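Reader: Could you walk me through how the strands pair up in this one? I'd like to follow the reasoning, not just get a list.

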Amino acid sequence: MDNVMRREAEQLYVCDEEVWKQMLPARRLTQKLNTVDRTDLQAIAAIVKELFGKSEGAMVSPPFYCDYGFNIEVGKNFGANYNCTILDVAKVKIGDNCLLAPNVSIYTAGHPFDPEIRSRGYEYGISVTIGDNVWIGGNSVICPGVRIGDNVVIGAGSVVTKDIPGNVLAAGNPCRVIREITEEDRKYYFKKRRIDEEIFEDMRQKR
């Protein structure tokens with residue numbers, strides 16, 4: 001196998017000329033995205049759509065960084081806040097209605113532990129999957145191979161090294177499940193601050 005095929009098969013590979021060529025379009029597009037007039041939301045949306053390939057209503061607040069772009073698949077209403085990084089050496093699949101807070105990093109890329117192999121330029125990518133309705137708090141890191149279920153909240157500053165099941169609040173370094181998200185959480189938006197009836201009425205009208 002050549003190095004492109006090895007990368008796509010999630011095997012060890014070297015970033016040779018052919019691999020490098022595949023990264024160039026994303027470098028140009030992220031440069032364009034990160035220097036565009038940030039009040040021009042239509043221009044930002046167009047660049048993001050070109051970068052990701054598949055996106056519907058995605059919104060990214062520059063600066064944003066990635067390796068390839070074409071390995072990132074986001075669902076409807078995706079939002080990434082300032083200074084997010086996605087190292088998409090392998091596939092990164094993100095579901096509908098997902099939010100990345102500032103400084104979130106998603107890494108599919110890694111290097112072997114053995115120093116001799118690592119010094120010869122070998123690396124790898126293992127895919128990351130994030131379900132629907134997930135909110136990842138600021139300064140969190142999602143490591144290679146992780147799968148996060150639907151309706152999850154990841155607390156700020158977390159380092160997610162293992163899979164997280166659906167419908168939970170998880171946080172920490174390493175990230176672990178804190179508790180389930182329940183119907184009781186529907187009453188509050190921050191600690192014991194209640195969601196007012198006007199919000200619920202607005203939601204009922206939009207169903």
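Author: Sure, here are a few questions on the sheets and their bridges, for what is a predicted model.

Reader: Let's take the sheet with antiparallel pairing. Which strands are its edge strands?

Author: That open sheet has 3 strands, in the order S1-S11-S10. An edge strand here pairs on one side only. That gives S1 (13-14) and S10 (109-110).

Reader: And in S11, what is the bridge partner of Ala109?

Author: S10 and S11 (residues 122-125) run antiparallel and are joined by 2 bridges. Look along S11 for the residue bridged to Ala109, and you land on Gly125.

Reader: Now the open sheet of 4 strands: is the pairing parallel or antiparallel?

Author: Read the order as S4-S7-S12-S15. Its edge strands are S4 (72-74) and S15 (147-148), each pairing on one side only. As for the direction, the pairing is parallel.

Reader: Which residue in S15 is the bridge partner of Ile130?

Author: Start from S12 (residues 128-130), which is joined to S15 by 2 bridges. These two strands run parallel. Across from Ile130, the partner in S15 is Ile148.

Reader: What about S6: how many bridges join S3 to it?

Author: S3 covers residues 64-66 and S6 covers residues 84-87, and they run parallel. Within this pair, Tyr65 stands opposite Thr85. The count of bridges joining them is 3.

Reader: And which residue in S9 is the bridge partner of Ile86?

Author: S6 also pairs with S9 (residues 105-107), in the parallel sense over 3 bridges. Follow the bridge from Ile86 into S9 and you reach Ile106.

Technical notes
Residues numbered from 1 in each chain as written. Predicted model: local features only at pLDDT ≥ 70, side-chain atom pairs only at ≥ 80, totals over all residues. Heavy atoms only, no water. Pairing = 2+ DSSP bridges.
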